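Student: I have a model open and would like to talk through its sheet and its core. Could we go step by step?

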Amino acid sequence: MEEVNIEIKEAISSKGKFWPWWPLLPLYPYGCRKTLVREIIPQQIWSFEQLQGLYYVAVPVRLTVVKVSGGLMIFNPLPPTEELRHQLSELEELHGPVLTIVQPTASGLEHKVSLPALSRAFPKAEIWVCPGQWSFPVNYPLNWLGIPINRTKVLLHDGYPHEDLFSWISLGPLDIGLGRFQEVSCFHKPSGSVLVTDALVGIHQDPPELFEFDPTPLLFHSRDRGDQPLLDTPEARKKGWARLVLFSSFLRPDLLDIPSFFYVLRFAFRPGLFSPKSHFGIFPFSWKDGWENSARELIGQERPLLQIAPVLERLVFPRAKETILEWLDDLMKLEGVDKLISAHFSAPIEFNQNTIGEFRNEIKSRNWASSEGDWRFLGSVDKALLKTGVVPIDPLSKFKD
Ligand SMILES: [Fe+2]
């Protein structure tokens with residue numbers, strides 16, 4: 001086993017990865033964003049991934065680039081660091097300029113926050129946004145948020161871009177109290193790929209490649225106490241990844257304890273731990289026996305496991321299962337549908353008519369939006385929001401004629 005000397009081993013230098021607007025949504029890794037580029041469909045679709053998260057609970061967030069007639073289309077923004085712009089310029093040299101930027105979600109803050117900067121990076125691109133954009137705590141108009149309205153169009157209301165290549169399918173709108181949930185998915189007909197934002201994800205047991213550049217979040221969470229060193233082994237990476245999946249899926253998994261402040265302090269600030277990378281030994285988590293079984297329900301062993309993220313199921317769709325089923329019906333009717341590319345976790349994943357049909361049947365027959373076990377915390381949040389009137393009982397009522 002090897003203790004990581006992160007200062008030396010870490011392959012990331014901050015050069016070209018600076019993101020000055022990180023305080024707008026202060027998520028790990030803050031102002032330094034490494035971007036990993038992968039070609040998903042040769043000469044047609046590319047994935048650009050960065051990490052994003054809280055307290056080392058980081059998961060990949062994806063910007064997808066698709067070749068269109070005369071240039072490129074971006075689906076889901078990411079912070080346009082110098083590195084990302086350089087990587088995109090290499091694609092532009094081969095395939096033409098970025099013509100279109102699509103911001104396909106009304107609610108996904110982590111996708112929306114970088115649209116103004118990305119729009120400025122491509123001043124000639126046409127911007128398409130999902131209807132019902134909103135901001136919190138104050139709901140500003142688009143131009144106040146830095147989105148150039150003179151070249152911005154609204155999906156559905158103003159039509160759709162590149163209809164020769166894509167079919168566009170809306171999920172929602174749903175009233176979620178503070179604003180609306182809606183995302184517009186896009187079916188790329190030549191490759192049979194469905195591009196979604198948050199609605200569906202596929203999770204595999206192997207940590208995403210992006211962690212090769214800095215495995216610290218995995219190693220940090222693979223430990224059981226704050227005085228344990230960050231050890232870099234394949235097992236530690238997988239264990240850390242399984243815990244990150246549980247955190248990001250349930251926010252507070254059921255088999256996680258938050259120890260007392262004094263217990264945490266007992267193991268902090270010890271020799272060898274005096275580094276911000278290990279948070280000075282502060283590790284406010286304690287996992288109970290059996291947490292691995294919870295992780296196994298979310299993580300595919302051989303291939304990524306297709307799922308609706310529990311946060312979405314329990315906080316956005318708890319009373320709108322039919323909406324999800326109807327949307328899956330629409331996707332199943334797409335001719336030649338073959339794979340899914342979502343804005344988080346693994347991509348591409350298998351997503352053909354059989355896969356969708358089986359997935360749909362599984363949702364239809366199982367208990368939906370549970371409040372038991374790992375779902376307990378999300379369930380309590382939803383119940384509190386309902387009780388205080390923040391979210392409506394019927395999320396569709398506002399949008400019915
Ligand atoms: Fe998201």
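Here are some questions and answers on this structure.

Tutor: Happy to help! This is a predicted model, in which local features need pLDDT of at least 70 and side-chain atom pairs count only at pLDDT 80 or more, while totals for chains, interfaces and linings use all residues. Residues are numbered from 1 along each chain as its sequence is written.

Student: In what order do the seven strands of the open sheet stand?

Tutor: Strands here are DSSP E runs of at least two residues, and helices are H or I runs of at least four, both numbered from the N terminus. Two strands pair if DSSP finds at least two bridges between them. The pairing in this open sheet is mixed, and the order is β2-β3-β4-β5-β6-β7-β8.

Student: Which strands stand at the edges, each with a single partner strand?

Tutor: An edge strand has one side left without a neighbour in the sheet, because its partner strand is a single one. The strands placed this way are β2 (36-41) and β8.

Student: Which residue of β7 stands opposite I101?

Tutor: Strand β6 (residues 98-103) pairs with β7 (residues 126-129) in the parallel sense over four bridges. On the β7 side, the residue opposite I101 is I127.

Student: What is the bridge partner of T64 in β5?

Tutor: Strands β4 (residues 57-68) and β5 (residues 71-75) run antiparallel and are joined by five bridges. Within β5, the partner of T64 is F75.

Student: Which helix gives the most to the largest nonpolar core?

Tutor: A nonpolar core is a set of buried Ala, Val, Leu, Ile, Met, Phe, Trp, Tyr and Cys residues joined through C-beta atoms within 7 Å. A residue is buried if 20 or more other C-beta atoms, placed from the backbone, lie within 10 Å of its own. The largest such core has 86 residues, of which I74, I101, V194 and V245 touch the most other members. Eight of its residues come from the helix that gives the most, α6 (residues 234-250).

Student: Is K339 buried or exposed?

Tutor: K339 lies in strand β17 (residues 339-341). Among the residues that K339 touches (C-beta atoms, placed from the backbone, within 7 Å) are G192, S193 and F351. Because K339 has 21 other C-beta atoms within 10 Å, it is buried.

Student: What separates the C-alpha atoms of K339 and F351?

Tutor: These two residues, K339 and F351, are 12 residues apart along the chain. The separation of their C-alpha atoms is 4.2 Å.

Terms used:
Buried ≥ 20, exposed ≤ 12 C-beta atoms within 10 Å, placed from the backbone. Contact = placed C-beta atoms within 7 Å. Lists of a residue's contacts leave out its neighbours within four places in sequence.
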